[in-house]
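Hi there,

Here is the structure I promised to pass on. Have a look at it first, and my notes follow underneath.

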Amino acid sequence: MKYYLVAGEASGDLHGANLMKALKAQDPNAQFRFFGGDLMLAEGGTLAKHYAEMAFMGFVEVVVNLTTILKNLAFCKADIITWQPDVLILIDFPGFNLKIADFAKKNNLTTCYYISPKVWAWNQKRVLKIKKIVDHLFCILPFEVNFYKKWGMEVDYVGNPLLDAIAAFKPDGNFFENNKLDPNKKIIALLPGSRKQELNYLLPDMVDIADRFPDYQFVIAGAPTFKAEFYEQFLGDKNIPVIFGATYDLLNNAHAAVVASGTAILETALFDVPQVLVYKGNTVSVGIARAVIKIKYIGLVNLIMDAPVIKELIQQDCNPQTIADELALILDDKTYRQNMLDNYNKLDERMGKPGASAKTAGLIIKYISQKPG
């Protein structure tokens with residue numbers, strides 16, 4: 001069968017690649033065309049557009065880049081119609097993908113939405129729209145099933161694909177040596193995100209605190225969409241290595257982490273690394289978000305546990321002093337650190353076992369095969 005996938009950011013590329021691998025295992029003749037990234041491209045098929053041209057975060061940023069977004073939408077719609085897939089698989093990225101789902105419905109294309117839009121965070125009435133335009137919705141967070149049920153929508157809970165990615169991870173036994181790191185110093189991992197605006201807002205504060213912890217070595221997880229030269233502008237005279245394509249190895253060896261809000265928060269927790277969440281953005285965008293968002297937390301760990309497991313430093317609360325203070329607690333207060341790790345154990349139980357990609361692939365193939373005609 002022909003599968004058209006749309007992923008618009010780094011996390012979607014990861015989950016899309018694992019889903020493609022699972023689809024090939026169950027459908028050896030699978031053909032793929034997609035919006036995505038390097039990980040999906042490594043699984044085969046044709047990359048129609050790279051997510052590096054698509055990822056804009058924040059209300060103001062979307063407005064500023066509206067012409068580009070509209071061009072991407074038009075290209076995606078035309079490309080789908082030209083290729084005529086058996087199924088359209090949309091991966092997260094709701095601002096873009098819900099418009100594609102609406103288009104697909106009008107053109108009688110079967111649409112599967114993998115990693116459901118986070119409509120529980122704000123504008124919950126969007127569920128009514130999703131019910132009309134999405135044929136099959138796959139949820140990866142435990143609390144989402146009851147949320148959608150309250151709105152009269154049946155969904156499939158498939159588990160979390162991050163568990164698949166982590167289960168498939170093969171540690172580098174020579175990580176310190178291969179990356180010229182000091183084997184006698186514990187690592188503090190810096191994960192500033194994969195979007196340019198995230199890096200611009202967050203990396204200066206992250207880099208600023210390095211001198212305050214001379215007994216540790218700081219290491220930045222580089223995003224695949226940037227080259228090492230891009231990071232140099234933030235580093236000045238600080239000797240902080242940037243490591244690309246090895247984020248899981250970095251987390252596997254980290255003692256603590258400072259992490260931009262997003263999927264990486266959950267990944268860091270699943271690697272049992274105590275962390276502090278940081279988020280900063282355009283003042284107007286964040287102001288609008290605070291006005292419309294209906295949830296107590298922004299971090300996935302806190303959302304899943306419905307408790308403040310990790311500290312969230314947002315906007316004006318996110319600065320070198322507050323980050324350093326929280327990091328010092330994580331490093332020096334054994335009770336504080338252990339409490340976070342104990343909550344991570346409870347999170348592991350709630351998240352369940354790997355297998356989301358295989359389960360989702362099986363359901364997609366089953367639903368297509370059941371389609372009349």
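Strand E5 has its side chains split between two directions: Thr111 and Tyr113 point one way, Cys112 and Tyr114 point the other way, and all of them are buried. Please bear in mind throughout that this is a predicted model.

E5 takes its place in an open sheet of 7 strands, ordered E3-E2-E1-E4-E5-E6-E7, with parallel pairing. The edges are strand E3 (46–50) and strand E7 (156–157), each of which pairs on one side only. As a general reminder, the strands of a sheet pair through backbone hydrogen bonds, in either a parallel or an antiparallel manner. E4 and E5 run parallel and are joined by 4 bridges; in this pairing, Tyr114 of E5 has Ile91 opposite. Strand E4 (residues 87–91) also runs parallel to strand E1 (residues 2–7), and there the bridges number 5. If you would like a pair to click on, take Tyr4, whose bridge partner in E4 is Leu88.

What does helix H8 pack against? Strand E5 (111–114) is one of the neighbours of its buried residues, and the others are helix H1 (10–26), helix H12 (247–253), helix H13 (263–270), helix H17 (334–351) and helix H18 (356–370). H8 itself covers residues 161–168 and is mostly covered, with 6 of its 8 residues buried. Those buried residues are Pro161, Leu162, Leu163, Asp164, Ala165 and Ile166, so you will find an aspartate in the list as well.

Further along the chain, strand E9 (residues 216–222) is worth a look: 7 of its 7 residues are buried. Tyr216, Phe218, Ile220 and Gly222 point one way from this strand, while Gln217, Val219 and Ala221 point the other way. Strand E8 (residues 186–191) runs parallel to E9, and 5 bridges join the two. Within that pairing, Lys186 stands opposite Tyr216.

For a contrast, try Ala42. Is this residue of helix H2 (residues 38–42) buried or exposed? Its relative accessible area is 65%, and the cut-off for exposed is over 50%, so Ala42 counts as exposed. The C-alpha atom of Ala42 is separated by 7.8 Å from that of Ala17, although the two residues are 25 apart along the chain.

Now for the overall picture. The protein contains 18 helices and 13 strands. Its radius of gyration is 21 Å, close to the 21 Å that the globule rule gives for 373 residues, so the protein is as compact as a globular protein of that length. The C-alpha trace spans about 65 × 45 × 40 Å along the principal axes.

A few totals may be handy if you are setting up calculations. Of the 373 residues, 55% count as buried. Among contacts with a separation of 6 or more, 66% are made by residues 24 or more positions apart. The accessible surface amounts to about 16,600 Å², and carbon and sulfur atoms contribute 52% of that. There are 40 positive and 40 negative charges, and their mean positions lie 9 Å apart.

Happy browsing, and all the best!

Key
Residues are numbered from 1 along each chain as its sequence is written. This is a predicted model: local features need pLDDT of at least 70, side-chain atom pairs count only at pLDDT 80 or more; totals for chains, interfaces and linings use all residues. Side-chain values use heavy atoms; hydrogens and water are left out. The radius of gyration is taken over C-alpha atoms; the globule rule is 2.2 Å times the number of residues to the power 0.38. Buried means under 20% relative accessible area, exposed over 50%, partly exposed in between (1.4 Å probe, protein chains only). Contact means heavy atoms within 4.5 Å. Accessible areas come from the Shrake-Rupley method with a 1.4 Å probe; for residues, only the protein chains shown count as cover. Lys and Arg count as positive and Asp and Glu as negative; His and the chain ends are not counted. The place of a charge is taken as NZ of Lys, CZ of Arg, CG of Asp or CD of Glu. Two strands pair if DSSP finds at least two bridges between them.
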